[in-house]
Amino acid sequence: MLIDELNHRVKNTLATVQSIVSQAARANADPKAMRKAVETRLYALARSHDLLTREKWRSAGLLDVINDALEPFGADEERARRVEITGDNIRFGPKSALALGIAFNELATNAVKYGAFSNENGLIRIEWTVAPSPTGRRLHLIWTEKDEPAVTPPTRKGFGSQVIERGLAHELGGTVALDYRAKGVVCTMDIPAPVSDDE
């Protein structure tokens with residue numbers, strides 16, 4: 001039974017790695033850029049695996065997933081004070097937790113390059129609620145960046161945007177949208193909430 005579970009996890013992980021490499025190859029003609037894109041995302045995947053290992057691969061709390069994904073970007077205390085997180089530590093199963101970890105890594109990477117973490121004044125607010133709907137409980141999450149450099153919508157969707165909007169929506173069976181507002185980037189997620197705290 002343990003070997004079957006291990007085989008299942010390894011197959012899922014290799015499928016995720018294959019997807020990361022494939023998408024990075026399509027988005028980057030330069031081998032150095034492709035290497036950096038793959039390494040960054042594999043590092044995020046490894047951090048999510050570490051979190052799930054600490055939780056014995058049962059589930060992981062959303063607050064824990066976010067904090068774990070943001071940790072490499074908030075080494076100094078000043079930056080950590082510029083992030084406000086509001087919401088219950090609702091627990092997601094391993095597959096969803098891995099997808100969310102990679103997505104939050106992408107959002108933080110973009111914030112460092114172009115957004116709220118690219119200057120000394122930017123702020124990030126992450127908040128979520130769970131509410132009933134005709135199709136079951138839904139989790140509505142909003143990532144809002146403020147006081148960042150003036151935002152101009154990209155002329156084309158980059159690899160990171162595709163991971164967030166398409167990849168996460170596909171993995172979690174919901175909708176994810178990036179809105180490049182003049183005062184800051186906003187990412188909204190509308191996804192099925194776990195059935196219980198351990199799913």
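Student: Which residues of strand 6 lie on its covered face, and which on its uncovered one?

Tutor: This is a predicted model, in which local features need pLDDT of at least 70, side-chain atom pairs count only at pLDDT 80 or more, and totals for chains, interfaces and linings use all residues. Residues are numbered from 1 along each chain as its sequence is written, and side-chain values use heavy atoms, leaving out hydrogens and water. Strands (E, at least two residues) and helices (H or I, at least four) are DSSP runs numbered from the N terminus. The covered face of strand 6 consists of V176, L178 and Y180, while the uncovered face consists of T175, A177, D179 and R181.

Student: How many helices and strands does the protein chain have?

Tutor: From the N terminus on, the elements run α-α-β-α-α-β-β-α-β-β-α-β-β. The totals for the protein chain are six helices and seven strands.

Student: In what order do the five strands of the open sheet stand?

Tutor: Two strands pair if DSSP finds at least two bridges between them. The pairing in this open sheet is mixed, and its edge strands, which pair on one side only, are strand 2 (83-86) and strand 6 (175-181). From one strand to the next, the twist averages 10 degrees. The order of the five strands is 2-4-5-7-6.

Student: Over how many bridges do strand 5 and strand 7 pair?

Tutor: Strand 5 also pairs with strand 4 (residues 123-131), in the antiparallel sense over nine bridges, and L141 in strand 5 is the bridge partner of W128. In strand 7, L141 has M189 as its bridge partner. Strand 5 and strand 7 (residues 184-192) are likewise antiparallel, and their bridges number seven.

Student: Which residue in the hairpin of strand 4 and strand 5 takes a positive phi?

Tutor: This hairpin has six residues between its strands. The positive phi is near 115 degrees, and the residue that takes it is G136.

Student: Which residue in strand 7 is the bridge partner of R181?

Tutor: Strand 6 and strand 7 form a hairpin with two residues between them, and they pair in the antiparallel sense over seven bridges. Along this pair, D179 stands opposite V186. The bridge partner of R181 in strand 7 is G184.

Student: At what angle does helix 5 run to strand 5?

Tutor: Axes are lines fitted to C-alpha atoms, for helices over the stretch in contact (heavy atoms within 4.5 Å). Angles run from 0 to 180 degrees between N-to-C directions. Helix 3 (residues 62-70) lies across strand 2, strand 4 and strand 5, at about 160 degrees to strand 4. Helix 5 (residues 94-113) lies across strand 4, strand 5, strand 6 and strand 7, and its angle to strand 5 is about 15 degrees.

Student: Is A60 buried or exposed?

Tutor: A60 is in strand 1 (residues 60-61) and touches L51, L52, V65, I90, R91, F92 and A97, not counting residues up to four places away in sequence. Buried means under 20% relative accessible area, exposed over 50%, and partly exposed in between (1.4 Å probe, protein chains only). Because its relative accessible area is 1%, A60 is buried.

Student: Which element gives the largest share of the largest nonpolar core?

Tutor: A nonpolar core is a set of buried Ala, Val, Leu, Ile, Met, Phe, Trp, Tyr and Cys residues joined through side-chain atoms within 4.5 Å. The largest one has 42 residues, and those with the most contacts inside it are L62, L100, F104, L139, W143 and M189. Outside its neighbours within four places in sequence, W143 is in contact with residues including F104, L107 and V186. The largest share of this core, nine residues, comes from helix 5.

Student: Which residue offers the backbone oxygen that the side chain of R138 reaches?

Tutor: R138 is placed in strand 5. Leaving aside its neighbours within four places in sequence, R138 is in contact with residues including T129, G173 and I191. The side chain of R138 reaches a backbone oxygen at 3.1 Å, and this oxygen belongs to D190.

Terms used:
A polar contact is a pair of N or O atoms within 3.5 Å; within protein, one must be able to donate a hydrogen and the other to accept it, and residues adjacent in sequence count only if both atoms are side-chain atoms.
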